[in-house]
Amino acid sequence: MPRFEAIGVVVSDLERAAVFYRELGLEFPDPLDPEGHGHVEASLPGGLRLMLDTEETVRSFDPEWSPPSGGGHRISLAFRCASPAEVDAAYARLLESGATAHKEPWDADWGQRYAEVKDPDGNVVDLFASL
């Protein structure tokens, strides 16, 4: 039976994406990609991994690949914060670091403080904490 083990995100700039996700507490190797393969991984809780692959790397095995178009998004990654105040602080810190706002922090009907930013490639990243 296959076992879920990793989440892959295609990025246009490996360094820029790693800087963004490091702001969220993920640890990537340093130096980032010494062999120049356009691939880097961070270990996640529970044995999962977040993998970042450059567009060039993906095209090396899937020459027809192209980034999604339009205003919507297909995936989001969610990061739990320790408190509602941490949601607001993380949101502000990410915007100061160059992330794009998607939805400003709000108190959601489902009992969480929630906010959404876009990573350097337009993927939505959720920040949340219980109210």
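**Pockets and core of a predicted model**

Visitor: How do the residues lining the largest pocket divide into nonpolar, polar and charged?

Guide: In this predicted model, the lining of the largest pocket has seven nonpolar, eight polar and four charged residues.

Visitor: Which of those lining residues are closest to the pocket's centre?

Guide: That would be P67, P68, D121, G122 and N123, out of 19 residues that line the largest pocket. Strand β1 gives the most to this lining, with four residues. The space inside comes to about 440 Å³.

Visitor: What makes P67 and P68 nonpolar, and G122 polar?

Guide: Pro counts as nonpolar, whereas Gly is put among the polar residues. P67 and P68 are Pro and G122 is Gly, so the classes follow.

Visitor: And the second largest pocket, how does its lining divide by class?

Guide: Nine residues are nonpolar, one is polar and none is charged. The lining is made of I7, G25, L26, L44, P45, L48, L50, L77, A78 and F79. Gly counts as polar, so G25 is the polar one. This pocket has a volume of about 230 Å³, and β4 gives the most to its lining, with three residues.

Visitor: How do you know that the side chains along β4 alternate?

Guide: Look at which way they point: L77 and F79 go to one face and are buried, while S76, A78 and R80 go to the other and are not. That's what a regular strand does, its side chains alternating between the two faces of the sheet.

Visitor: Which way do β4 and β7 run, and how many bridges join them?

Guide: They run parallel, with five bridges between them. A pair of strands needs at least two bridges, so β4 and β7 count as paired. Along the way, R80 stands opposite F128 in β7.

Visitor: Why is T54 called buried?

Guide: The cut-off for buried is under 20% relative accessible area. T54 has 9%, so T54 is buried. T54 sits in strand β3. Beyond its neighbours within four places in sequence, T54 is in contact with V10, V11, L14 and G38.

Visitor: Which residues have the most contacts inside the largest nonpolar core?

Guide: Y21, F28, L50, L52 and L127, in a core of 29 residues. Elements giving two or more residues to this core include α1, β3, β4 and β7. Helix α1 brings the largest share, five residues.

Visitor: What is Y21 in contact with, leaving aside neighbours within four places in sequence?

Guide: L26, F28, L50, L52, L77, F79, D119 and V125.

Key: Residues are numbered from 1 along each chain as its sequence is written. This is a predicted model: local features need pLDDT of at least 70, side-chain atom pairs count only at pLDDT 80 or more; totals for chains, interfaces and linings use all residues. Side-chain values use heavy atoms; hydrogens and water are left out. A nonpolar core is a set of buried Ala, Val, Leu, Ile, Met, Phe, Trp, Tyr and Cys residues joined through side-chain atoms within 4.5 Å. Buried means under 20% relative accessible area, exposed over 50%, partly exposed in between (1.4 Å probe, protein chains only). Contact means heavy atoms within 4.5 Å. On a 1 Å grid over the protein atoms alone, a cavity is a set of points where a 1.4 Å probe fits but cannot get out, and a pocket is an open set with protein on both sides within 12 Å along at least five of seven lines; lining residues have an atom within 4 Å of a point. Grid points are joined across faces, edges and corners, and a volume is the space filled by probe spheres set on the points.
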